Amino acid sequence: MEESGVKNPVKIVVIGGSAGSLEVLFRLLPLLTKNLSVPILIILHRRSTADSSLSDLLGSKTTLPLQEADDKDQILPGNIYLAPADYHLLVEKDFTLSLDYSEKVNFSRPSLDVTFETVADVYGRSAVGIILSGANEDGTAGLLAIKKAGGLVIAQDPETAQMPVMPQNVINFIGVDFIYGIEEIANYINGLNTSGLHPTGG
Amino acid sequence: MIEDDEIELLLTDLFDIHGYDFTSYSRASLKRRVNRLYSLDKFPSFAELRYRVKADTNYLKRFVEEITVNVTEMFRDPTFYLSLRTDVLPVLATKPFIRIWHAGCSTGEEVYSMAIMLKEAGLLHKSLLYATDLNPSVLEKVRKGVFPLNQMKQYSESYIASGGLGDFSAYYIANYGQAKFNEDLAEKIIISTHNLVSDSSFNEFDLILCRNVLIYFDKDLQDRVLQLFDASLGSLGHLALGSKETLKFSAVQDNFKQLNREKIWKKVV
């Protein structure tokens, strides 16, 4: 049955990025409104040496609770979870987070693909995946999984990205739903507040 | 792609036929591992994979080794090792005899890291390091003490960051792309298969290390394993976990006190 037009509640937003993404988050996070109705997962390629200061730094940019994900954390609406350095971040069927120290994927741990894929598996069409600036191709396969499961994919406008390779690759290989600048991404996420539905583009 | 109900069928077979109990493993990771192997080994169908796991004991070995994560490194999280050197080894030094258990040690990089620190603290001669894992094949690598040479630069940096003052390259002999660690380290390592899911306590230890193993277990199994560790530690023994693992919310948390910011606890009862 064709389901387009059927109301589709968004239950999670996953943001992935690599080189050049930190600056995007510094601008994006302050724009997010306080009463966010969905949880946000952030996966960033980062140095493998665990410096938890990144979560402090990102946390200082938002009024929303932001923490580095711990094993078995319950995923709560309005909370932001950052994938810890040197672990893959996965999502379980009972809406908890779990960590995995298995092989790097696309030379990365955390890998965007790993998180996107488990989110697609658990949340299906209630998932939104967003790809930001980056210089490699991690994230494309995972966003394809989100798309195939009926979720929605947003790419940062490569024109606005310090490193356009990653969002451009996603745009080339997946029918992305929206290509957005930073403010539009923030507006989109904030728009989930009132309706909890996929806002229409434009 | 293997689906959820098929994963459950495999887990039931593994337990009923072979006695391996993976039913309390976290599913997201497990499902990824099974699917990875399914495509790596180019199975034409789930039925084919299921048959191989059921009937082919050689393949079973591979299957168990591959669905469990065997990624490890030497001196991972150098500040953790620094704390072992400065806060734990001096306590161990007061004992006439030191027993250490590396539970779920995989290929043994952490066991050799510990042996090096004990040697530098002048404690190796009175120590025994029990290295256990459920996979016999990874334990064979522990026995050999041979690791890829291309990792040594990074391990050496971690070793120095962990407070190592010696020449790291003196601990191994480089040959054909491999680093073979010195025999005097291996002499104090006792190797045995042990399954944290099904096997019980087998000794009393002064220090138990189990890092990045519990993350693959569900909460109930995590709790059971922590109780096993609690029962296997002597009074004032130490327990060390991975950097994102915790005793918080476990049944035994009141028996332990965390030393500092590192994931090291002292048993206080």
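The exercises below, each with a worked solution, concern the cavities, one pocket and one helix of a predicted model.

**Exercise 1.** Determine which residues of helix 7 of chain B are buried, and establish how they are arranged about the helix axis.

*Solution.* Begin with helix 7 of chain B, which spans residues 136-144 and whose buried residues are B:Val138, B:Leu139 and B:Val142. Viewed down the axis of helix 7, these buried residues fall within an arc of 100 degrees, so they line one face of the helix. Next, look for what covers the buried residues: the cover includes helix 4 (57-67), helix 6 (109-120), strand 2 (127-133) and strand 6 (189-193) of chain B. Finally, follow the chain just past helix 7, where B:Gly145 takes a positive phi of about 65 degrees.

**Exercise 2.** Count the cavities of 30 Å³ or more, and describe the lining of the largest cavity.

*Solution.* The count comes to two cavities of 30 Å³ or more, and the largest cavity has a volume of about 460 Å³. Its lining comprises 35 residues, among which B:Val69, B:Gly104, B:Asp133, B:Asn212 and B:Val213 are the closest to the centre. As a next step, assign the lining to elements: two or more residues come from each of helix 2 (27-40), strand 1 (98-103), helix 6, strand 2 and strand 7 (205-210) of chain B. Sorted by class, the lining of the largest cavity has 17 nonpolar, 13 polar and five charged residues. At the level of domains, at least three lining residues are drawn from each of domain 1 (4-67) and domain 2 (78-267) of chain B.

**Exercise 3.** Characterise the lining of the second largest cavity by residue, element and class.

*Solution.* The second largest cavity has a volume of about 30 Å³, and the residues that line it are B:Ile7, B:Leu10, B:Leu11, B:Leu14, B:Leu30, B:Val34, B:Phe63 and B:Ile67. Helix 1 (4-18), helix 2 and helix 4 of chain B are the elements that give two or more residues to this lining, and the largest share, four residues, comes from helix 1. Sorting by class then yields eight nonpolar, no polar and no charged residues.

**Exercise 4.** Identify which helices supply the lining of the second largest pocket, and give its make-up by class.

*Solution.* The second largest pocket holds about 760 Å³ of space. Of its 31 lining residues, A:Thr118, A:Asp121, B:Ala28, B:Lys31 and B:Arg32 lie nearest the centre. Helix 3 (112-123) and helix 4 (140-148) of chain A, together with helix 1 and helix 2 of chain B, each supply at least two lining residues, and helix 2 of chain B gives the most, with six residues. By class, the lining of this pocket has 11 nonpolar, four polar and 16 charged residues.

Terms used. Residues are numbered from 1 along each chain as its sequence is written. Chains are lettered from A and ligands numbered from 1 in the order in which they are written. This is a predicted model: local features need pLDDT of at least 70, side-chain atom pairs count only at pLDDT 80 or more; totals for chains, interfaces and linings use all residues. Side-chain values use heavy atoms; hydrogens and water are left out. Buried means under 20% relative accessible area, exposed over 50%, partly exposed in between (1.4 Å probe, protein chains only). The arc is that of the directions from the helix axis to the C-beta atoms. Contact means heavy atoms within 4.5 Å. On a 1 Å grid over the protein atoms alone, a cavity is a set of points where a 1.4 Å probe fits but cannot get out, and a pocket is an open set with protein on both sides within 12 Å along at least five of seven lines; lining residues have an atom within 4 Å of a point. Grid points are joined across faces, edges and corners, and a volume is the space filled by probe spheres set on the points. Ala, Val, Leu, Ile, Met, Phe, Trp, Tyr, Cys and Pro count as nonpolar, Asp, Glu, Lys and Arg as charged, and the others, Gly among them, as polar. Domain bounds come from an automatic or database domain assignment.
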